[in-house]
Amino acid sequence: MIFGRSERGKPPVEPVTLKILVAGGFGVGKTTLVGAVSEIRPLRTEELLTEAGRPVDDTSGVEGKRTTTVAMDFGRITLREDLVLYLFGTPGQERFWFMWDELSEGALGAVVLADTRRLQDCFAAVDYFERRGIPFVVGVNCFEGAARYPAETVRQALDLDPGVPLLLTDARDRESVKEVLIGVVQHAMAFQAERREAVTT
Ligand SMILES: Nc1nc2c(ncn2[C@@H]2O[C@H](COP(=O)(O)OP(=O)(O)OP(=O)(O)O)[C@@H](O)[C@H]2O)c(=O)[nH]1
Ligand SMILES: [Mg+2]
């Protein structure tokens with residue numbers, strides 16, 4: 001017997017799909033984060049780090065890193081039956097930043113990943129989203145061996161607006177990353193509702 005939609009009583013739900021960017025400096029764990037939560041095999045555009053790139057590709061803290069993203073990462077996660085996120089990981093190295101404008105087209109919001117050992121590397125991403133009015137949350141990727149700072153200290157160092165959520169995470173851990181993604185969706189929704197209100201009043 002075929003169980004069609006009439007037998008089940010409920011028509012299938014057409015999910016809302018949202019585009020979220022995962023940005024931040026070189027080697028903060030963007031590709032790792034997309035890979036940790038994606039329910040499809042993530043699309044990656046990794047190239048080997050080379051000897052020639054050594055002077056510009058600073059791998060301090062991530063010495064095991066052998067490859068780097070040259071275009072983007074792409075993954076998908078179903079947060080709820082009716083809510084699907086498409087994740088676009090950006091390349092971290094400055095020489096590939098021309099990709100960001102294209103990738104941010106139509107994005108609801110962004111996660112800026114930060115590594116407390118190289119916090120300055122994510123300043124540019126924070127500026128980028130602030131300047132374009134794209135709502136973002138900061139995810140502090142807690143690498144082992146990196147000093148743990150209270151959220152408030154990191155906030156001050158990044159000079160974040162009080163409204164920008166800051167969450168501690170582990171880019172390798174699915175549940176932890178999911179929390180960050182839920183955080184960005186909630187923040188972006190609230191941000192847009194506020195903006196609509198400002199326009200209508
Ligand atoms: N210990 C630890 N290692 C991590 C974590 N996240 C990522 N890594 C490692 O750090 C390195 C960098 O991770 P990637 O995911 O390639 O970083 P990325 O931000 O995509 O790097 P680019 O695309 O080159 O800018 C890899 O060797 C990961 O295995 C983490 O939370 N803890
Ligand atoms: Mg990457």
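User: What does the side chain of R155 reach, and how far away is that atom?

Analyst: In this predicted model, the R155 side chain gets to the backbone oxygen of V164, at 2.5 Å. The cut-off for a polar contact is 3.5 Å, so a pair at 2.5 Å passes on distance.

User: Where in the fold is R155, and what makes it count as buried?

Analyst: R155 is part of helix α5. Its relative accessibility is 15%. Buried means under 20%, so R155 gets that label.

User: Just after that helix comes D159. Which stretch holds D159, and why is it called exposed?

Analyst: D159 is in the loop that joins α5 (151-158) to β8 (166-169). Its relative accessibility is 62%. The bar for exposed is over 50%, so D159 clears it.

User: What is special about the phi angle of D159?

Analyst: Phi of D159 is near 55°, which is positive even though the residue isn't a glycine. For background, most residues other than glycine have a negative phi.

User: Let's turn to the ligand. How do you know which residues come nearest to ligand 1?

Analyst: A residue is near if one of its heavy atoms lies within 4 Å. There are 19 residues around ligand 1, and K30, T31, T32, T68 and N141 come nearest.

User: What makes the link between T31 and ligand 1 a polar contact?

Analyst: A polar side-chain atom of T31 is 2.8 Å from an oxygen atom of ligand 1. The limit is 3.5 Å, so the pair counts. K65 also has a polar side-chain atom by a ligand 1 oxygen, at 2.9 Å. For R172, the partner is a nitrogen atom of ligand 1, and the distance is 3.3 Å. That value is within 3.5 Å too, so R172 makes the list.

User: How much of ligand 1 does the protein cover, and where does the ligand sit?

Analyst: On its own, ligand 1 has 650 Å² of accessible area, and the protein covers 85% of that. As for its place, ligand 1 sits in the largest pocket. To earn the word "sits", more than half of a molecule's atoms must lie within 2 Å of the pocket's grid points.

User: Which elements supply at least two residues of the shell, and which one gives the largest share?

Analyst: Helix α2 (30-37) and strand β3 (67-69) each supply at least two. The largest share is three residues, and they come from α2.

User: How do the shell residues divide by type?

Analyst: The shell around ligand 1 has five nonpolar, nine polar and five charged residues. Glycine goes in the polar group here, so don't look for it under nonpolar.

User: Back to T31. Which helix is T31 in, and is it buried or exposed?

Analyst: T31 is in helix α2. Its relative accessibility is 16%, and the cut-off is under 20%, so T31 is buried.

User: What makes T67 only partly exposed, rather than buried or exposed?

Analyst: T67, in strand β3, has a relative accessible area of 27%. That isn't under 20% and it isn't over 50%, so T67 lands in between.

User: Two glycines next. Where are G25 and G139, and why do both get the word buried?

Analyst: G25 is in the loop between β1 (16-24) and α2, while G139 is in strand β7 (136-141). G25 has a relative accessible area of 1%, and G139 has 0%. Both values are under 20%, so buried is the word for G25 and for G139.

User: How far is G139 from L181, and G25 from E81?

Analyst: G139 and L181 are 42 residues apart along the chain, with 9.6 Å between their C-alpha atoms. G25 and E81 are 56 residues apart in sequence, and C-alpha to C-alpha the distance is 32 Å.

Terms used: Residues numbered from 1 in each chain as written. Chains lettered and ligands numbered in written order. Predicted model: local features only at pLDDT ≥ 70, side-chain atom pairs only at ≥ 80, totals over all residues. Heavy atoms only, no water. Polar contact = N/O pair within 3.5 Å; in protein donor to acceptor, adjacent residues only side chain to side chain. Areas by Shrake-Rupley, 256 points an atom, 1.4 Å probe, with all protein chains shown as cover. 1 Å grid on protein atoms, 1.4 Å probe; cavity = no way out; pocket = protein on both sides within 12 Å on 5 of 7 lines; lining within 4 Å. Helix = DSSP H or I, 4+ residues; strand = E, 2+ residues; numbered from the N terminus. Buried < 20%, exposed > 50% of the residue type's maximum accessible area, 1.4 Å probe, protein only.
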